[in-house]
Amino acid sequence: MPQPLIRVENLSYSHPVHSGEAVPALRGINLQIEEGEYLAIIGANGSGKTTLARHFNALLRPGTGNVWVNGLNTRDSHNHPAIRTLVGMVFQAPEDQLVATVLEEDVAFGPENLNLPPAEIRQRVDEALHVTGMWEQRERPPHLLSAGQMQRAALAGVLTMRPRCVVFDETTAMLDPGGRRMVKELIQRLHREGLTVIVITHFMQEAANADRVIVLEHGRLALDGSPAQIFSPSS
């Protein structure tokens with residue numbers, strides 16, 4: 001039986017604070033995410049959604065317990081470059097991910113850091129810009145893009161790394177309905193093409209599009225099932 005893409009075992013984590021006791025954010029999470037899944041993570045503000053997602057690509061390390069990505073333990077810093085190539089993240093504030101003065105240079109940033117051949121970088125950048133619908137904007141400064149375009153630009157940068165999983169962390173929260181619809185269609189297309197998709201959202205319509213939904217409550221895994229199971233009146 002193939003191993004899950006992401007395996008979380010007895011994960012607990014507390015946010016460090018400069019004074020006083022650390023604040024518990026995750027408590028005893030056990031979770032498996034299979035290759036090709038479309039998973040939505042929902043829960044109230046402060047329930048631990050983003051904290052959990054940041055463990056999926058080793059931006060955070062467990063306080064207790066373990067997280068494995070494709071068999072690589074996130075506790076081992078030597079595994080972090082490979083893990084962050086496997087699992088990409090698109091954040092709510094995409095401007096934090098855009099670093100260059102021209103969009104196509106920004107999208108090339110990741111593969112350049114992998115020291116790939118220039119022809120390979122060019123191919124990856126062109127592909128990502130076409131997939132995200134940003135080809136026509138490739139010579140524009142990122143700061144002149146609309147909010148929806150910035151989200152797609154950040155995603156293009158992630159896709160050039162050829163990840164097996166992309167985490168969308170509240171990426172549509174600040175978009176208008178048209179922008180949300182565009183990002184949703186792009187997410188569904190990527191999933192149809194075989195990418196593992198994890199969406200953190202406050203919009204129940206977005207969660208209903210997933211194959212599976214998990215609900216976090218005060219740092220604990222409260223519910224795990226299909227959208228029909230999670231959103232049925234008896235849940």
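These exercises work through strands, buried residues and salt bridges in a predicted model.

**Exercise 1. Strand partners of β1**

Task: Find which strands pair with β1, and state how many bridges join β1 to β2 and to β4.

Solution:
- Step 1. Locate β1 at residues 6-15 and β2 at residues 23-33.
- Step 2. Count the bridges between β1 and β2: there are 7. The two strands run antiparallel.
- Step 3. Check one residue in this pairing. His15 stands opposite Val23 in β2.
- Step 4. Turn to β4, residues 64-69. Here 5 bridges join β4 to β1, again antiparallel.
- Step 5. Check one residue here too. Val8 has Val67 of β4 as its bridge partner.

**Exercise 2. An open sheet**

Task: Give the strand order of the open sheet of 6 strands, and name its edge strands.

Solution:
- Step 1. Read off the order: β6-β7-β8-β3-β9-β10. The pairing is mixed.
- Step 2. Look for strands that pair on one side only. These are β6 (87-90) and β10 (220-225), the edge strands.
- Step 3. Take the twist. From one strand to the next, the average is 20 degrees.
- Step 4. Examine one pair inside the order. β7 and β8 (residues 196-200) are parallel, with 5 bridges. Asp169 has Ile200 of β8 as its bridge partner.
- Step 5. Add a helix. α6 lies across β6 and β7. Its direction makes an angle of about 170 degrees with β6.

**Exercise 3. Ser47: buried or exposed?**

Task: Decide the burial class of Ser47, then list what surrounds Ser47.

Solution:
- Step 1. Place the residue. Ser47 sits in the loop between β3 (38-42) and α1 (49-56).
- Step 2. Apply the cut-off. Buried means under 20% relative accessible area. Ser47 has 3%, so Ser47 is buried.
- Step 3. List the contacts, leaving out residues up to four places away in sequence. Ser47 touches Ala25, Leu216, Glu217, His218 and Gly219.
- Step 4. Look at the polar side-chain atoms. One of them in Ser47 lies 2.7 Å from the backbone oxygen of Ala44.

**Exercise 4. Two helix residues**

Task: Classify His80 and Ala147 by relative accessibility.

Solution:
- Step 1. His80 belongs to helix α2 (residues 80-86). Its relative accessibility is 8%, so His80 counts as buried.
- Step 2. Find the contacts of His80, without neighbours within four places in sequence. They are Ala58, Arg61 and Thr74.
- Step 3. Ala147 belongs to helix α6. At 43%, Ala147 counts as partly exposed.
- Step 4. Compare sequence and space for Ala147. Ala93 is 54 residues away along the chain, and the two C-alpha atoms are 8.9 Å apart.

**Exercise 5. Salt bridges**

Task: State how many salt bridges the whole structure has, and explain what the Arg164 and Glu35 pair ties together.

Solution:
- Step 1. Start with the principle. Side chains of opposite charge can pair when their charged atoms come close.
- Step 2. Take the total. The whole structure has 9 salt bridges.
- Step 3. Examine Arg164 and Glu35. Their side chains form a salt bridge at 2.6 Å, N to O. Arg164 lies in the loop between α6 (147-159) and β7 (165-169), and Glu35 in the loop between β2 and β3, so the pair ties together parts 129 residues apart in sequence.
- Step 4. Check their accessibility. Arg164 is partly exposed at 29%. Glu35 is partly exposed at 42%.
- Step 5. Examine Glu127 and Arg162. Their closest N and O atoms are 3.3 Å apart in a salt bridge. Glu127 lies in α5 (residues 118-131) and Arg162 in the loop between α6 and β7, so this pair ties together parts 35 residues apart in sequence. Glu127 is partly exposed at 39%. Arg162 is partly exposed at 39%.
- Step 6. Examine Glu193 and Arg189. Their salt bridge spans 3.2 Å, N to O. Glu193 is exposed at 54%, whereas Arg189 is partly exposed at 31%.
- Step 7. Finish with a network. Salt bridges with shared partners join Glu37, Arg212 and Asp224.

Technical notes:
Residues are numbered from 1 along each chain as its sequence is written. This is a predicted model: local features need pLDDT of at least 70, side-chain atom pairs count only at pLDDT 80 or more; totals for chains, interfaces and linings use all residues. Side-chain values use heavy atoms; hydrogens and water are left out. Two strands pair if DSSP finds at least two bridges between them. Helices (H or I, at least four residues) and strands (E, at least two) are DSSP runs, numbered from the N terminus. Buried means under 20% relative accessible area, exposed over 50%, partly exposed in between (1.4 Å probe, protein chains only). A polar contact is a pair of N or O atoms within 3.5 Å; within protein, one must be able to donate a hydrogen and the other to accept it, and residues adjacent in sequence count only if both atoms are side-chain atoms. Contact means heavy atoms within 4.5 Å. A salt bridge is a side-chain nitrogen of Lys or Arg within 4 Å of a carboxyl oxygen of Asp or Glu. Axes are lines fitted to C-alpha atoms, for helices over the stretch in contact, and angles run from 0 to 180 degrees between N-to-C directions.
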